[in-house]
Amino acid sequence: MGEPGETAVNDQPAERPHKPAPQPADYPHKVIEIVRFGDLDPQGHVNQAVFLTYFESGRVAMFRNPDLGIGVPGATFVMVRMEVDYLKELHWPGNIEIGTGVAEFGRSSFKVAQAIFRDGVCAATGYATLVCIDLVTRKARPLPEDAIARLSQWKYRGEPAQA
């Protein structure tokens with residue numbers, strides 16, 4: 001407060017700067033899914049848990065496609081964290097587009113940025129952290145440089161997530 005007798009005009013926290021809405025072009029890999037009637041909850045919109053299934057479809061379509069060549073011999077990728085921001089409701093019937101791109105690399109992990117779009121409008125964003133696991137020891141192993149090079153072709157083009 002300033003001078004004696006003055007009252008605070010606004011004791012609300014400052015607004016965060018608005019970041020631009022994700023766009024389909026931010027994601028180099030895309031897959032189309034059908035919204036199924038069984039995806040709905042009693043309120044008639046897609047259940048929040050089904051959004052995770054949609055994100056999984058996007059990751060699997062990208063990482064399990066042998067033509068993309070992003071596998072690591074003797075290893076697999078295991079998801080260890082998933083973050084989701086729900087932005088819009090989704091309803092049946094219709095199609096959605098799931099965009100996927102690699103956001104950043106760690107020593108033995110990488111983070112994948114994803115978004116779900118309907119008619120070009122973003123309904124949800126997500127970040128999944130995947131760790132490279134040795135198939136024999138079942139322990140994390142460093143990401144090979146050639147895997148990083150292959151994954152880098154699928155770099156997320158949008159703005160990084162805010163902490």
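Accessible areas here come from the Shrake-Rupley method with a 1.4 Å probe.

**Figure 1. Overview of the predicted model and its exposed surface.** The structure shown is a predicted model, and the protein exposes about 10,000 Å², of which carbon and sulfur atoms supply 54%. Two helices and five strands make up its elements, and from the N terminus on these run in the order β-α-β-β-β-β-α. Of the 163 residues of the protein, 38% count as buried. Among contacts with a separation of 6 or more, those between residues 24 or more positions apart account for 71%.

**Figure 2. Strand E5 and its two antiparallel partners.** Strand E5 comprises residues 121–134, and because 13 of its 14 residues are buried, the strand is largely enclosed by the rest of the structure. Strand E2 (residues 75–86) pairs with E5 in the antiparallel sense over 11 bridges, and in this pairing Ala 75 of the protein stands opposite Asp 134 in E5. Strand E4 (residues 109–118) is likewise antiparallel to E5, with 10 bridges between them, and the bridge partner of Phe 117 in E5 is Cys 122. Two residues lie between the strands in the hairpin of E4 and E5, where Asp 119 takes a positive phi near 55 degrees.

**Figure 3. Aromatic pairs involving helix H1.** The count of aromatic pairs in the structure comes to nine. One of them joins Phe 51 and Tyr 54 in a tilted arrangement, with 6.3 Å from centre to centre and 50 degrees between the planes. These two residues are three residues apart in helix H1 (residues 48–63), and so are separated by about one helical turn; both Phe 51 and Tyr 54 are buried. Phe 63 and Phe 110 form an edge-to-face pair, at 5.6 Å centre to centre and with 65 degrees between the planes. This second pair links distant parts of the chain, since Phe 63 lies in helix H1 and Phe 110 in strand E4, 47 residues apart. Phe 63 and Phe 110 are both buried, and ring pairs link them with Phe 77 and Phe 105 into a cluster.

**Figure 4. The surroundings of Arg 59, a buried charged residue without a salt bridge.** Arg 59 is found in helix H1, and the nearest side chain of opposite charge, that of Glu 56, is 5.2 Å away. A salt bridge requires a side-chain nitrogen of Lys or Arg within 4 Å of a carboxyl oxygen of Asp or Glu, and therefore this separation does not qualify. When neighbours within four places in sequence are left aside, Arg 59 is in contact with Arg 64, Met 79, Met 82, Thr 100, Val 112, Gln 114, Ala 128 and Leu 130.

**Figure 5. Salt bridges within a helix, between strands and in a network.** A search of the whole structure finds six salt bridges. Arg 36 forms one with Glu 33, their closest N and O atoms being 3.5 Å apart; Arg 36 is partly exposed, with a relative accessible area of 37%, whereas Glu 33 counts as buried at 18%. Glu 33 and Arg 36 are further linked with Asp 39 in a network of salt bridges. The side chains of Glu 83 and Lys 111 meet at 3.7 Å, N to O, and this pair links distant parts of the chain, with Glu 83 in strand E2 and Lys 111 in strand E4, 28 residues apart. In helix H2 (residues 145–152), Arg 150 and Asp 146 lie four residues apart, about one turn of the helix, and the closest N and O atoms of their salt bridge are 3.1 Å apart.

How values were computed:
Residues numbered from 1 in each chain as written. Predicted model: local features only at pLDDT ≥ 70, side-chain atom pairs only at ≥ 80, totals over all residues. Heavy atoms only, no water. Buried < 20%, exposed > 50% of the residue type's maximum accessible area, 1.4 Å probe, protein only. Pairing = 2+ DSSP bridges. Phe/Tyr/Trp six-rings, centres within 6.5 Å; stacked < 30°, edge-to-face > 60°. Contact = heavy atoms within 4.5 Å. Lys, Arg positive; Asp, Glu negative; His and termini not counted.
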